[in-house]
Amino acid sequence: MDQLLQAMRAVAEPTRLRVLNLCAHSELTVSDLVGLLGQSQPRLSRHLKLLVEGGVLERHQEGAWARYRVSTRAESGDASAFAEAVLDLLPQDDATLSRDLDRLDRLRKERDREAAQYFERNAAQWDRIRALHVDEDQVESRLLALTSAWTIGRLLDIGTGTGRLLDLFGPRAERAVGIDRSPDMLKLARAAIERDRLTHCQVRQADMYQLPFNEAEFDTAVLHMVLHYADDPAQVLKEASRALTDAGRILIVDFDRHTLAELRAEHAHRWPGFAQSQMEDWLDAAGFGDIAVERLEGSALTVCIWTAAKTVPGAKAVSA
């Protein structure tokens with residue numbers, strides 16, 4: 001009863017209802033909410049504190065940033081169920097809530113533009129920039145070893161960048177498609193696959209949140225240093241899962257959790273790497289199982305390679 005009353009008090013205020021609604025659509029920082037709601041940071045911090053204490057929001061610290069989202073049942077039990085009930089009752093055609101969501105949509109588009117602009121500014125140097133923090137030869141050697149028993153089949157390279165993974169896995173693929181939003185990146189990727197005569201590979205401009213493919217169109221999906229730029233990595237993985245067959249596999253290369261704030265400030269990273277439990281939860285929610293991770297230690301950053309297979313009753317993962 002006390003928990004329920006605290007949750008009720010937490011949401012019983014107009015601004016806090018708006019915050020709850022926004023955090024149901026996206027994980028947000030205090031700075032995000034300041035821009036979306038036009039209120040001061042101290043005031044919003046107080047509102048967020050009450051919502052977290054009431055159990056209707058979760059706070060997750062990631063390096064120098066704290067992100068807020070609506071609580072899950074596993075974390076907050078009855079408070080989470082109450083938050084879901086409140087969200088169901090909110091009139092989404094309300095003018096104030098609609099304006100909030102319009103601003104959230106603009107914020108997402110601005111983030112996407114910032115990432116795209118970064119790619120375009122650095123297209124010619126992209127491989128070199130990645131290599132500043134990672135020994136690419138070591139990573140690629142492990143990727144080939146980890147997938148040596150796989151039949152790649154139809155390959156989808158999400159966020160293909162310069163097309164390096166198309167070069168790496170293309171010779172083993174039945175066919176391959178690399179998608180990216182940056183025209184400059186696509187020019188480089190096209191040049192690479194043409195140079196290597198990978199005529200069964202192609203690149204397309206597309207959005208990783210809305211892949212222009214039918215369900216079960218691919219056997220293997222790869223994401224190489226892509227998710228830390230994504231506003232919503234969980235949704236990216238769900239969309240990748242949709243595009244995979246019931247026996248499909250996914251391979252993800254990205255950073256372990258780190259505290260290098262300059263990567264966000266200078267290189268448009270949205271996430272400071274990923275904790276193992278965080279990635280496992282997202283993969284599980286997207287319908288993947290048999291999750292494994294290999295860590296490649298570096299001087300400042302650790303690269304993680306996650307592999308997983310679709311978990312469909314009766315299906316078997318593709319193998320050689």
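The exercises below, each followed by a worked solution, concern a predicted model of one protein chain.

Residues are numbered from 1 along each chain as its sequence is written, and side-chain values use heavy atoms, with hydrogens and water left out. In this predicted model, local features need pLDDT of at least 70 and side-chain atom pairs count only at pLDDT 80 or more, whereas totals for chains, interfaces and linings use all residues.

**Exercise 1. The chain as a whole**

State how many helices and strands the protein chain has, and what share of its residues is buried.

Solution. Begin with the secondary structure, which comes to 14 helices and 9 strands, where helices (H or I, at least four residues) and strands (E, at least two) are DSSP runs numbered from the N terminus. Turn next to burial, for which buried means under 20% relative accessible area, exposed over 50% and partly exposed in between, with a 1.4 Å probe and protein chains only; buried residues make up 52% of the 320 residues. Finally, take the contacts (heavy atoms within 4.5 Å): among those between residues at least 6 apart in sequence, 67% join residues at least 24 apart.

**Exercise 2. Two helix pairs**

Determine how H3 is oriented relative to H4, and then treat H12 and H14 in the same manner.

Solution. Axes are lines fitted to C-alpha atoms, for helices over the stretch in contact, and angles run from 0 to 180 degrees between N-to-C directions. Helix H3 (residues 30-37) and helix H4 (residues 41-53) pack at an angle of about 115 degrees, their axes being 10 Å apart. H3 is therefore roughly perpendicular to H4, given that angles under 35 degrees count as roughly parallel, over 145 as roughly antiparallel, 65 to 115 as roughly perpendicular and the rest as oblique. The H3 and H4 crossing is right-handed; a crossing is left-handed if the near helix is turned anticlockwise from the far one by less than a right angle, and right-handed if clockwise. On the H3 side the contact is made by Val 30, Leu 33, Val 34 and Leu 37, and on the H4 side by Gln 41, Leu 44, Ser 45 and Leu 48. Sorted by class, this contact has 6 nonpolar, 2 polar and no charged residues, where Ala, Val, Leu, Ile, Met, Phe, Trp, Tyr, Cys and Pro count as nonpolar, Asp, Glu, Lys and Arg as charged, and the others, Gly among them, as polar.

For the second pair, H12 and helix H14 (residues 276-285) pack at an angle of about 40 degrees, with axes 9 Å apart, which makes H12 oblique to H14. This crossing, too, is right-handed. Pro 233, Ala 234, Leu 237 and Lys 238 of H12 meet Met 279, Trp 282, Leu 283 and Ala 285 of H14, giving 7 nonpolar, no polar and 1 charged residues.

**Exercise 3. The surroundings of H12**

Explain why H12 is described as largely enclosed, and name the elements against which its buried residues pack.

Solution. H12 is largely enclosed by the rest of the structure because 8 of its 11 residues are buried. These are Pro 233, Ala 234, Val 236, Leu 237, Glu 239, Ala 240, Ser 241 and Ala 243. The buried residues of H12 pack against strand S3 (153-158), S6, strand S7 (244-255), H14, S8 and S9.

**Exercise 4. Two strand residues**

Decide for Ala 221 and for Lys 310 whether each is buried or exposed, and list their contacts outside the local sequence.

Solution. Ala 221 lies in strand S6 (residues 218-224) and, at 0% relative accessibility, counts as buried. Its C-alpha atom is 5.9 Å from that of Leu 155, although 66 residues separate them along the chain. With neighbours within four places in sequence left aside, Ala 221 is in contact with Leu 156, Leu 244, Arg 249, Ile 250 and Leu 251.

Lys 310 belongs to strand S9 (residues 303-310) and counts as buried at 15% relative accessibility. Its C-alpha atom and that of Leu 244, 66 residues apart along the chain, are separated by 8.0 Å. Under the same exclusion of neighbours within four places, Lys 310 is in contact with Ser 241, Leu 244, Thr 245, Asp 246, Gly 248, Gly 287 and Phe 288.

**Exercise 5. Positive phi**

Locate Met 225 and Asp 290, and state for each whether the residue is buried or exposed.

Solution. Met 225, a residue other than glycine, has a positive phi near 55 degrees; it is found in the loop between S6 and helix H12 (233-243) and is buried at 5% relative accessibility. Asp 290, also not a glycine, has a positive phi of about 50 degrees; it is placed in strand S8 (residues 288-296) and is exposed at 66% relative accessibility.
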